[in-house]
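User: I am new to reading protein models. Can you take me through one, feature by feature?

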Amino acid sequence: MPIDALAPYDDQNIFARILRGEIPNRTVYEDEWALAFHDINPQAPVHVLVIPKGAYVSWDDFTAKAPDEEVAGFIRAVGHVARELGLPATGYRLLANIGMHGHQEVPHLHVHIFGGRQMGLMLPR
Ligand code: AMP
């Protein structure tokens, strides 16, 4: 079920538990601002999730509330991970689902990085 993006942060969500080390993950990259790990149900040859270390429900929550330094650190981490994965040469796709219409399922901001194949049209028709 998609989540309500305006709900308060739930610190029992699965990505919060990954950040606390309570649930294992296949880490790709970690720094002060972000953790990147392989999606458990990959939709492309490369499917990595990048999450901020701070407690933000969604892109909306993050961009409204996070300090500039945290926003910059997180966005730079997304770019860094894509470069480390060797994706810029062929191209890749970023996706952030937000709330009900975005079909966001995990209520901690995450940016999907998809790559390794032609992604096709932006949205299904
Ligand atoms: P979204 O619909 O944007 O909220 O996507 C949530 C994503 O989290 C899906 O692609 C899931 O496969 C992925 N996911 C859920 N649980 C885990 C987990 N424990 N480790 C890695 N990825 C997960």
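Analyst: Start with how elements are named. Helices and strands are DSSP runs, numbered from the N terminus. Helix 4 covers 99-102 and strand 5 covers 111-115. His108 is found in the loop between them. Keep in mind that this is a predicted model.

User: Is His108 buried or exposed?

Analyst: The general idea is a cut-off: buried means under 20% relative accessible area, and exposed means over 50%. His108 has a relative accessible area of 0%, so His108 is buried.

User: Which residues does His108 touch?

Analyst: A contact means heavy atoms within 4.5 Å. Leave out residues up to four places away in sequence. His108 then touches Tyr9, Asn13, Phe15, Ala16, Leu19, Ile51, Pro52, Gly54, Ala55, Tyr56 and Val57.

User: Which side chain makes a polar contact with the side chain of His108?

Analyst: The side chain of Tyr9 does, at 2.6 Å.

User: Asn13 was on that contact list. Where does Asn13 lie?

Analyst: Asn13 lies in the segment before helix 1, which spans 14-19. Now apply the cut-off again. Asn13 has 4% relative accessibility, so Asn13 counts as buried.

User: What lies around Asn13?

Analyst: Take the contacts beyond four places in sequence: Asn13 is in contact with Val106, Pro107 and His108. There is also a short polar distance to read. A polar atom of the Asn13 side chain lies 2.7 Å from the backbone oxygen of Asp10.

User: Tyr56 was listed too. Where is Tyr56 found?

Analyst: Tyr56 is found in the loop between strand 3 and helix 2, and helix 2 runs 59-65. Its relative accessible area is 10%, so Tyr56 is buried. Tyr56 is in contact with residues beyond four places in sequence, among them Tyr9, Asp61, Phe62, Pro107 and His108.

User: How do I compare distance in sequence with distance in space?

Analyst: Count places along the chain, then check the C-alpha distance. Tyr56 and Thr90 are 34 residues apart in sequence and 31 Å apart in space. Try another pair. Arg83 and Phe62 are 21 residues apart along the chain, and their C-alpha atoms are separated by 23 Å.

User: Is Arg83 buried or exposed?

Analyst: Arg83 is found in helix 3, residues 68-84. Use the other cut-off, over 50%. Arg83 has 54% relative accessibility, so Arg83 counts as exposed. Leaving aside neighbours within four places in sequence, Arg83 is in contact with Arg76 and Pro88.

User: Now the ligand. Where does the ligand sit?

Analyst: Look for an open space in the protein, then ask what fills it. Here the ligand sits in the largest pocket. The elements giving two or more residues to the shell around the ligand are helix 1, strand 2 (34-38) and strand 3 (46-52). Helix 1 gives the largest share, 3 residues.

User: Which residues come nearest to the ligand?

Analyst: There are 17 residues around the ligand. Asp39, Asn97, Glu105, His110 and His112 come nearest.

User: Which polar distances should I read there?

Analyst: Look for N or O atoms within 3.5 Å of each other. An oxygen atom of the ligand is 2.8 Å from an N or O atom in the Asn97 side chain. The His110 side chain also has an N or O atom 2.8 Å from a ligand oxygen. For His103, a polar backbone atom is 3.1 Å from a ligand oxygen.

User: How much of the ligand does the protein bury?

Analyst: Taken alone, the ligand exposes 510 Å². The protein buries 84% of that.

Note on methods
Residues are numbered from 1 along each chain as its sequence is written. This is a predicted model: local features need pLDDT of at least 70, side-chain atom pairs count only at pLDDT 80 or more; totals for chains, interfaces and linings use all residues. Side-chain values use heavy atoms; hydrogens and water are left out. Helices (H or I, at least four residues) and strands (E, at least two) are DSSP runs, numbered from the N terminus. Buried means under 20% relative accessible area, exposed over 50%, partly exposed in between (1.4 Å probe, protein chains only). A polar contact is a pair of N or O atoms within 3.5 Å; within protein, one must be able to donate a hydrogen and the other to accept it, and residues adjacent in sequence count only if both atoms are side-chain atoms. A residue is near a molecule or strand if one of its heavy atoms lies within 4 Å of it. Accessible areas come from the Shrake-Rupley method with a 1.4 Å probe; for residues, only the protein chains shown count as cover. On a 1 Å grid over the protein atoms alone, a cavity is a set of points where a 1.4 Å probe fits but cannot get out, and a pocket is an open set with protein on both sides within 12 Å along at least five of seven lines; lining residues have an atom within 4 Å of a point. A molecule sits in a cavity or pocket if more than half of its atoms lie within 2 Å of its grid points.
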